[in-house]
Amino acid sequence: MSRLQADHLYKVFGRRPDEAVKKLADGADRDELRADGTTAAVIDASFVVEPGQIFVVMGLSGSGKSTLLRMLNGLLEPTAGRVLFDGKDLTALSHRDLRTVRSTKISMVFQHFALFPHRSVLENAAYGLEVQGVPRAEREARAAEALDLCGLAGWEKSWPDELSGGMQQRVGLARALATDADLLLMDESFSALDPLIRRDMQDQLLELQKRLKKTIVFITHDLNEAMRLGDRIAVMRDGRIVQLGTAEDILIRPANDYVASFIQDVDRSRVLTAASVMTTPEHPAPDSCGCETVGPDTLVADLCAVSARVPHPVAVKDADGAVLGVVPQSRLIGFIGDEQRPPVACATGTEVISHA
Ligand SMILES: Nc1ncnc2c1ncn2[C@@H]1O[C@H](COP(=O)(O)OP(=O)(O)O)[C@@H](O)[C@H]1O
Ligand SMILES: [Mg+2]
C-alpha cells in the first residue's frame, strides 16, 4: 500500500469554488478564473508516495506547493479530491481524528523554524512530544537522541540564539524526528540557508533517511535541490503538476519547454548515471582486458574520471559482473553537453572526420 496518495486534488480560493473546479476540470487555466476573483491554487494534483521515498514538489513561488502540502496534512480542506494516508481518506476524518493523525503521524518542518527563545535546545526539540503529552523524562531522552541524529549532541542545554541559522534549522528537523512520525512534510526547509550550509543539510537529510526510512514530501523552488534529494519529483506550474518522474526522466525527457528551461542550470553529471547514458556494445565486450568498469548507478561525474583512464569505451557491469552496456567517451561528452543527436560526419579541408 502506498503511504500517501493525492487523488485529483483541487484547492480554489475565492467565490464559487465548486463551479471553478468544473471549469478547471474542463481545461480552464488560472488566468481565466482570476477575472472572476478566484484563485486556483492547486489544480487536479494526483500522485502516489511510497513508504521510505523522498517525494519532491518543485515549482516557482506561487505555483501552489504550500497549498498542496497543507492539504496533505489536513490543515486545508481540498475543494475537490481526496488525500489517502495509509489507505485512509484524510478528508473524511472527524476533526478529532484528524488532529490525532496530525500530531502523531505527521511532522512539518518549515523554512523559518520558529524556535522558542526562552527554551533550551533540548526543550525545543522535545516540543512535539510535549504537545502529545509524553512524560518529561521520556520526551527529553527522545529529543536528545533526535538532536544527536542531527549532529547537535552537546548543544542540548544551549539557547536558540547561541546557534547559527543552520543549527537552528537542525533543531527544527530534530523536533520533527523526535515525534517518531513516519511522514515528514518539509516546506522549503533549507531555502533560507547559505549555499554551503544548505548542501550540508541536504547531505544530512539523505544520510538520516538511509537509517530512518521515513516517508518525506519535500518542497523546494530549486531544481538542483530537487534532483539531489528526490526519488521522484513533481514539477508544478500555475497550480498544475506538469511533470512527474525521477530526476533522470526530467533531465532526459523534459515534458515541455517550461521544464526544459529549468534544467539548463542543472549539473547533469551529478544526476545522470551510467545506466542512462550507456549503449549496447557493437561487438561483444572484451570481458577480460582487466580495465576498470563501473556499476549502473555510477554518476556520470565519476564515470568521466574512469573514462579518462580507460583506453576504450567503459563497460557497465551489474553486481554479478555481467556487461549491461558500454559508454564511449563521445557519448559521455554528448550527454553532459545536452547533445543527444546521432553523430554526424563533417569535412575539414580534404579530411573527413567521423564523429562516431
Ligand atoms: N489563503 C489563501 N487565500 C487566497 N489565495 C491564496 C491563499 N493561499 C495561497 N493563495 C494563492 O494560491 C497560489 C499558490 O500559493 P502557494 O501554495 O503559497 O504557492 P507556493 O508555495 O508554490 O509559493 C498563490 O497565487 C497564492 O497567492
Ligand atoms: Mg510556499
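This passage describes the sheets, the helix packing and the ligand shell of a predicted model.

An open sheet is formed by four strands in the order S2-S1-S4-S5, with antiparallel pairing. Strands S2 and S5 (88-89) stand at the edges with a single partner strand each, so one side of each is left without a neighbour in the sheet. Within this sheet, S1 (residues 4-14) and S4 (residues 80-85) run antiparallel and are joined by five bridges. Ala 6 has Val 83 in S4 as its bridge partner. Helix H3 lies across S1, S2 and S4, and its direction makes an angle of about 120 degrees with S1.

Helix H3 and strand S2 also contribute to the surroundings of ligand 1. The shell around the ligand consists of Phe 13, Thr 39, Ala 41, Gly 59, Ser 61, Gly 62, Ser 63, Gly 64, Lys 65, Ser 66 and Thr 67. Two elements, strand S2 (38-49) and helix H3 (65-72), give two or more residues to this shell. The largest contribution comes from H3, with three residues. Sorted by class, the shell holds eight polar residues, two nonpolar residues and one charged residue.

A further open sheet has six strands in the order S6-S7-S8-S3-S9-S10, and its pairing is mixed. Its edge strands are S6 (106-109) and S10 (240-245), each of which pairs on one side only. On average, and with direction ignored, neighbouring strands in this sheet are turned by 15 degrees against each other. At the S6 edge, four bridges connect S6 with S7 (residues 183-187), and the two strands run parallel. Ile 106 is bridged to Leu 183 in S7. Helix H8 (residues 165-178) lies across S6 and S7 and runs at about 175 degrees to S6.

Helix H8 is also packed against another helix. The axes of H7 (residues 136-149) and H8 are 8 Å apart, and the packing angle is about 130 degrees. Angles over 145 degrees count as roughly antiparallel and those from 65 to 115 as roughly perpendicular; H7 and H8 are therefore oblique to each other. The crossing of H7 with H8 is right-handed. On the H7 side the contact involves Arg 142, Ala 143, Ala 146, Leu 147 and Leu 149, and on the H8 side Ala 174, Leu 177 and Ala 178. By class, this contact comprises seven nonpolar residues and one charged residue, with no polar residues.

A second helix pair is formed by H14 (residues 300-309) and H15 (residues 329-336), whose axes come within 11 Å and cross at roughly 150 degrees. The two helices are therefore roughly antiparallel to each other. Their crossing is left-handed. Val 300, Leu 303, Cys 304 and Ser 307 of H14 meet Gln 329, Leu 332, Phe 335 and Ile 336 of H15. The contact of H14 with H15 has six nonpolar and two polar residues, and no charged residues.

Strands S11 (residues 314-317) and S12 (residues 323-327) run antiparallel and are joined by four bridges. Val 314 is placed opposite Val 327 in S12. The hairpin of S11 and S12 has five residues between the strands, and Gly 321 in this hairpin adopts a positive phi near 90 degrees.

Definitions and conventions
Residues numbered from 1 in each chain as written. Chains lettered and ligands numbered in written order. Predicted model: local features only at pLDDT ≥ 70, side-chain atom pairs only at ≥ 80, totals over all residues. Axes fitted to C-alpha atoms, helices over the stretch in contact; angles between N-to-C directions. Parallel < 35°, antiparallel > 145°, perpendicular 65-115°, else oblique. Left-handed = near helix turned anticlockwise from the far one by under 90°. Contact = placed C-beta atoms within 7 Å. Nonpolar A, V, L, I, M, F, W, Y, C, P; charged D, E, K, R; others polar. Near = placed C-beta within 6 Å. Pairing = 2+ DSSP bridges.
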